[in-house]
Amino acid sequence: MVMAARKGRAMASLLPSSPTAITTTAQPGSLAGWLSQIPLPKWALITVTVAVAILLLLFLICIIRCCCGKKKPKKKERVSLCAMSGSTTASLVQPEVEDLEQGTEQMGRGKLQYSLEYNFRAQELKVGVKQAAELKAMDSGGTSDPYVIVYLTSDTKKKYETKVYRKTLNPIFNESFTFQVPQLEVPESTLVMQIYDFNRFIKHDIIGEVRLPLASVSLQHVIEQWSDLAVASKVEEEQLGEICFSLRYVPSTGKLMVLILEAKKLKRMDSHGLSDPFVKVNLILNKKKWKKKTTTVKKNTLSPYFNEMFVFEVPFNQIQNVDVVISVWDHDKVTKSEPIGKLFLGCRATGNQLRHWSDMLSNPRRPVAQWHNLQSPDVVDKVLGLKSHLKLSLPPR
């Protein structure tokens, strides 16, 4: 009996302990219970949770911005003015102040009436300055003192002026001027008529101008028309003309051959609108004048044809130190001849001149011809930096 009682107590002590060993603090179906079943360390679970939270936050921010942000109208969208207030409509229709200022520059300067007549037999262009109307007021009293300057871009030195008309915005000029223009050069010229406001003690103010390319009009009959004045252009660079010549160098013999072929569109130097051109070819060695040769004079022409060859002896060891200066002059028997334009070639040259010189050196014994624009003689002389003339003996070969 005692033994049976002991066994019963032992079994009773074992029965309550069994459920205690397998119970947990987490309830079935809770988050902690679910996480306890994931085979990852605690720090990894925290990292994943934070990342997911950040992504959700960013997603919510994007949704809020898309829904609440203002939509900007596209450029191609039409804007309805009827549904807007008056001030907003005015801001859309009314131009900016800068646009108004630019429009003022282009408009409100007045207009000019003129006539053109070309005499093919005498090769003369007759320009008639008739009248102007609705000119811009340049004086404080609301008027102007206008006069007109007339010239061709092919000869900017020869300019004509009308009389000055006091205190008027509608002057009547009725003056005519004649230009000597060869028929072949008419399409290359532009007629310029500029209206100025006369001032006695200060610089004259330009009101506006009319520029008429002669290639754009038919001179087969008399032309008479009105044109609106435009803003005056900047002073155009004076065109001195072009010249074509050929260069050839033979290293074995040390001979430099310069063939002057022709020139065109030369600047008018004489009172009758033509020139008597000739060409000088100078060799400069180490910035000192060395040799010079001259072509014949061609009378009364702006497009002379020469076809004259000059040969200079230049040793190969000196060719890099030589500058070839090509200058066109207007011959005058009474006074000193005047230079029309000039250019130089050599290793110190730039642009087309340097390219022409390089082509000659890279193609020995072969003539290389090219057209060049003439430049101002003063500018070329300044670049060359010529020293006083010294006659040099030919370096030993």
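**Figure 1. Overall view of the predicted model, with its contacts and surface.** Of the contacts in the protein with a separation of 6 or more, 64% are between residues 24 or more positions apart. The model shown here and in the following views is predicted. Its secondary structure consists of 7 helices and 16 strands. The protein has 397 residues, and 36% of them are buried. The accessible surface is about 25,800 Å², and carbon and sulfur atoms contribute 57% of that area.

**Figure 2. Strand β3 and its burial.** Strand β3 spans residues 146-152, and 7 of its 7 residues are buried, so the strand is largely enclosed by the rest of the structure. The cover extends to both faces of β3. One side carries Pro146, Val148, Val150 and Leu152, and the other carries Tyr147, Ile149 and Tyr151.

**Figure 3. Strand partners of β3.** Strand β3 is paired with β6 (residues 190-197) in the antiparallel sense, through 7 bridges. Within this pairing, Tyr151 has Val192 of β6 as its bridge partner. Strand β3 also pairs with β4 (residues 155-161), again antiparallel, over 4 bridges. Here Ile149 is matched with Glu161 of β4. The β3 and β4 strands make a hairpin, with 2 residues between them. Both Tyr151 and Ile149 lie on one side of β3, together with Tyr147, and are buried.

**Figure 4. Nonpolar surface patch that includes Leu57.** A nonpolar patch on the surface is formed by Ile46, Val50, Ile54, Leu55, Leu57, Leu58 and Ile61. Together these residues have about 670 Å² of accessible area. Leu57 is located in helix α3, which covers residues 42-68. Leu57 has a relative accessibility of 53% and therefore counts as exposed, the cut-off being over 50%.

**Figure 5. Salt bridge between Glu185 and Arg268.** The whole structure contains 6 salt bridges. One of them joins the side chains of Glu185 and Arg268, with an N to O distance of 2.7 Å. This pair links distant parts of the chain, 83 residues apart. Glu185 sits in the loop between β5 (172-180) and β6, whereas Arg268 sits in the loop between β10 (255-264) and β11 (277-285). Both Glu185 and Arg268 are buried.

**Figure 6. Salt bridge between Glu209 and Arg211.** Side chains of opposite charge can pair when their charged atoms come close. In the salt bridge of Arg211 with Glu209, the closest N and O atoms are 2.7 Å apart. Arg211 has a relative accessible area of 29% and is partly exposed. Glu209, at 3%, is buried.

**Figure 7. Salt bridge between Glu242 and Lys265.** The closest N and O atoms of Glu242 and Lys265 are 3.8 Å apart, and the two residues form a salt bridge. Glu242 belongs to strand β9 (residues 242-250) and Lys265 to the loop between β10 and β11, so the salt bridge ties together parts that are 23 residues apart in sequence. Glu242 has a relative accessible area of 18%; this is under the 20% cut-off, so Glu242 is buried. Lys265 is partly exposed, with a relative accessible area of 38%.

**Figure 8. Aromatic pair of Tyr160 and Phe179, and the surrounding cluster.** The structure has 5 aromatic pairs. In the pair of Tyr160 and Phe179, the ring centres are 5.1 Å apart and the planes lie at 75 degrees, so the arrangement is edge-to-face. Tyr160 is in strand β4 and Phe179 in strand β5; the pair links distant parts of the chain, 19 residues apart. At a relative accessible area of 23%, Tyr160 is partly exposed. Phe179 is buried, with a value of 3%. Tyr160 and Phe179 form one aromatic cluster with Phe177.

**Figure 9. Aromatic pair of Tyr165 and Phe173.** The ring planes of Tyr165 and Phe173 stand at 85 degrees, with centres 5.4 Å apart, so this pair is edge-to-face. Tyr165 is partly exposed at 25% relative accessibility, whereas Phe173 is buried, with a relative accessible area of 4%.

Technical notes:
Residues are numbered from 1 along each chain as its sequence is written. This is a predicted model: local features need pLDDT of at least 70, side-chain atom pairs count only at pLDDT 80 or more; totals for chains, interfaces and linings use all residues. Side-chain values use heavy atoms; hydrogens and water are left out. Buried means under 20% relative accessible area, exposed over 50%, partly exposed in between (1.4 Å probe, protein chains only). Contact means heavy atoms within 4.5 Å. Accessible areas come from the Shrake-Rupley method with a 1.4 Å probe; for residues, only the protein chains shown count as cover. Two strands pair if DSSP finds at least two bridges between them. Patches are made of residues with over 30% relative accessible area and no salt bridge: like charges are joined within 9 Å, nonpolar side chains (Val, Leu, Ile, Met, Phe, Trp, Tyr) within 5 Å. A salt bridge is a side-chain nitrogen of Lys or Arg within 4 Å of a carboxyl oxygen of Asp or Glu. Rings of Phe, Tyr and Trp (its six-membered ring) pair if their centres lie within 6.5 Å; planes under 30 degrees apart count as stacked, over 60 as edge-to-face and the rest as tilted.
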